[in-house]
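The exercises below practise the reading of a protein model. Attempt each task with the sequence and structure in view before turning to its solution.

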2 protein chains.
Amino acid sequence: MSRKGWRSGKGIRIADVAHLAGVSTATVSRVLANPDKVRTKTHDLVMEAVQRSGYTPNSVARNLRKRRTMTALVIVPNLANPVFAQILRGIDDELTRSGYGLVIGNLDNCAEREARYVDLALSRQVDGVILMNGRVPASGKRTMTEAGLPMVAMCAAIEGEGIPNVVVQDREASRAAVAYLTRLGHRSLGYIAGPAGNIIAAERLTGFLEGVVAAGLSERDLVRWEGRFVFEAGVAAAEAFLRLKRRPTAIYASCDESAIGFIKAIRAAGVRVPEDVSVIGFDGIEFADYIEPTLTTFRQPLHELGRTGAGVLLKMIRNDMKPEDWHIRLPLSLLERDTTAPVSSRASEMKRRSKA
Amino acid sequence: MSRKGWRSGKGIRIADVAHLAGVSTATVSRVLANPDKVRTKTHDLVMEAVQRSGYTPNSVARNLRKRRTMTALVIVPNLANPVFAQILRGIDDELTRSGYGLVIGNLDNCAEREARYVDLALSRQVDGVILMNGRVPASGKRTMTEAGLPMVAMCAAIEGEGIPNVVVQDREASRAAVAYLTRLGHRSLGYIAGPAGNIIAAERLTGFLEGVVAAGLSERDLVRWEGRFVFEAGVAAAEAFLRLKRRPTAIYASCDESAIGFIKAIRAAGVRVPEDVSVIGFDGIEFADYIEPTLTTFRQPLHELGRTGAGVLLKMIRNDMKPEDWHIRLPLSLLERDTTAPVSSRASEMKRRSKA
DNA sequence: TCGTAAGATGTAATCGATTACAAAATGTCG
DNA sequence: CGACATTTTGTAATCGATTACATCTTACGA
């Protein structure tokens, strides 16, 4: 490439193209942005110069001038969690359709990392933020809110901050899980919870307790274990379970990973699923269908959730919110598979006997 | 906030801070970038103005002026794959240590999406690119290379393009897998391959075939199935396997997901693992330890891989490459678990008899 | 052919920071 | 105290696009 008359530097600027085509930079810009506002002849002339020079507009400059970046930030608690990976696909799809890009802010379950992304947002590198971490990062709470930065909460709701929420019906599904298990005859239940401070975990727990009340069970029919939405939490719960004198006949795990860890550990100890214990999970990750027995669980509409949430963010950015956009709750669906069964005859007998 | 003397607009600019502190923008900039090049008194004055105004520098403007964004792009074939999720953590860790940010470009197994990220790179929104997709995107091949954009290939090597490679020893591990199985006495093997055009898949296949030769086996001792690095591929392979008259006694799956799908499907058909068939996977995903029986597999050093790759990219950006940085191959480690066992007595007997 | 409206193009300001260079302030020493 | 070296600070150019406004063309009817 030894064309002359160009800057010797590296990048090709709009000015270079303009010079090459013998027009002004304004014209080049117009050709690229509003081809119909320019004479055909000029258009072709400029396009040829663009081709020849291999020009690509510098979007950093464009973003500065236009005061927007066409990019959204998504804060994710943990990328390794397949639930979030799926939601991200939905978000990406929707944003792409509107020409927006996506920056993923992975917290890796570590709240301190929020600061980094707050900075990204405040330094005007993104036009909006999707929060899947259940809160406006503390370090930017005042600033982000005051700056009027468009934000949407997904998965975990953020109440009372003027932020729209797009979530699934965790509570209802939890209630339904309990109802499902009691319908199978189970009257003593175990619950593997999520992390203590976690909003989603709290929702699911609330639903569980509501379901318990609705089923007419008392606290004495329950056992609860802490968890952290990971395999190990299920394993730990299993250890506690195995030490129990009077074991529940059904377990509700607030996420599939915990359910899977739990099942693995109790089966290793000789407990049969579902003959001795029924287990139901939550999330509907792909893996749940590949363990043995296949896991009964509630499936989240992950892709739809992502698309919907991104859609709301776009409306927010465009200042086009409708009343119904501020609070969206998508339903889950029960996947009945092989880890749940009617309470075993032995247990039923005990129950029947005590009833008589 | 009704301080006066400021622009009524939304964002607070460096000029506002300068005005508030009674200094020039240059001084504010210096206070923030080189605090020691400024008198203490001025420093404090400016900092107070920064506090009071809640100023955050606009990094779009800074990036334009500095002609760099402190951001790297990582092109990932499929975010839902836990292998990549883990690698990303490693990359993120390393980049963060150097003050760099990270944009994830998820292809979702769809090569057309490359174009979008090529544009991101060419429009100078990132300082470098990590390619995990095994090739320089066709749409930007010429341009990206000519522009001298720092690029690094990870996972899947890209040969002969002047791009450094950071990969794992796929071929060696595949060879080792075969050696391991033959050491257990298996003489007839099945192989579940990766997608046809995929470079990683090719490497692993090559290693497998090399191992077969080294073990003195012939093509007649082998069965091979196509796969696509997903569960379903394992299930499909299992169906083919079950139809076989003379079944291999050991299967090597080129990724854990396929191995897991395979195991699930053959067990459902009554074939025992490892008594009837040994199975070994590849990758070492967390899940492999939660199926039944636990999966023998090769673990990739994912986090290290990510950190190393990001490290090489940073050197590339800083023009600080050393000869040994251009080709790095990390070793894998065998996780011996429960899906592999010495060939069953029946099979051994057959073999012994035929030898005699 | 000319006047005028509509359309095409050019000029220069702008986005918000950084930084080379100039100017001013401070400090040091004879 | 004054001359000069050394810090500090300010002025203005710069990064590379977009776009309001001004200017120049073109087209068309009188």
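**Exercise 1. Unusual backbone geometry in chain A**

In which loop is the place of P274(A)? Describe also the peptide bond before this residue, and treat P293(A) and F229(A) in a similar way.

Solution. The model is predicted: local features need pLDDT of at least 70, side-chain atom pairs count only at pLDDT 80 or more, and totals for chains, interfaces and linings use all residues. Residues are numbered from 1 along each chain as its sequence is written, chains are lettered from A and ligands numbered from 1 in the order in which they are written, and side-chain values use heavy atoms, with hydrogens and water left out.

Step 1. P274(A) is placed in the loop between α11 and β9 of chain A; helices (H or I, at least four residues) and strands (E, at least two) are DSSP runs, numbered from the N terminus. The peptide bond that leads from V273(A) to P274(A) is cis, with omega near 5°.

Step 2. P293(A) belongs to the loop between β9 and β10 of chain A. The bond from E292(A) to P293(A) is cis, and its omega is near -10°.

Step 3. F229(A) is in the loop between β7 (222-225) and α10 of chain A. Its phi is near 60°, a positive value in a residue other than glycine.

**Exercise 2. The contact between the chains**

Describe the contact between chain A and chain B, and state which elements of chain A supply it.

Solution.

Step 1. Contact means heavy atoms within 4.5 Å. Chain A contributes 54 residues and chain B 53 residues.

Step 2. The two chains bury about 4500 Å² between them, with 52% of it on carbon and sulfur atoms. Buried area is the accessible area (1.4 Å probe) that two parts lose on being put together, summed over both.

Step 3. There are 10 salt bridges between chain A and chain B, a salt bridge being a side-chain nitrogen of Lys or Arg within 4 Å of a carboxyl oxygen of Asp or Glu. One of them joins R113(B) to D93(A), with the closest N and O atoms 3.5 Å apart.

Step 4. On the chain A side, α4 (59-66), α5 (82-97), β2 (101-106), α6 (114-122), α10 (231-243) and α11 (256-268) each supply at least two residues. The most come from α5(A), with 7 residues.

Step 5. The residues on this side of chain A comprise 22 nonpolar, 16 polar and 16 charged. Ala, Val, Leu, Ile, Met, Phe, Trp, Tyr, Cys and Pro count as nonpolar, Asp, Glu, Lys and Arg as charged, and the others, Gly among them, as polar.

**Exercise 3. A parallel sheet in chain B**

Give the strand order of the parallel sheet of chain B, explain what its edges lack, and locate the helices that pack on it.

Solution.

Step 1. Strands of a sheet pair through backbone hydrogen bonds, either parallel or antiparallel. Here two strands pair if DSSP finds at least two bridges between them.

Step 2. The order is β2-β1-β3-β4-β5-β11 (chain B), an open sheet of 6 strands with parallel pairing. β2 (101-106) and β11 (327-330) of chain B stand at the edges with a single partner strand each, so one side of each has no neighbour in the sheet. From one strand to the next, the twist averages 20°.

Step 3. Strand β5 (residues 165-168) of chain B runs parallel to β11(B), joined by 4 bridges. Within this pair, N165(B) is opposite H327(B).

Step 4. Helix α12 (residues 302-317) of chain B packs on the sheet, touching β1, β3, β4 (151-154), β5 and β11 of chain B, and makes about 160° with the direction of β4(B). Helix α6 (residues 114-122) of chain B lies across β1 (71-76), β2 and β3 (128-131), at about 155° to β2(B). Axes are lines fitted to C-alpha atoms, for helices over the stretch in contact, and angles run from 0 to 180 degrees between N-to-C directions.

**Exercise 4. Two pairings of one strand**

In which sense does β10(A) pair with β12 of chain A? Compare its pairing with β9.

Solution.

Step 1. β10(A) and strand β12 (residues 333-335) of chain A pair in the antiparallel sense over 3 bridges. T297(A) has L335(A) as its bridge partner.

Step 2. Strand β9 (residues 278-283) and strand β10 (residues 296-299) of chain A run parallel, joined by 4 bridges. F282(A) is partnered by F298(A).
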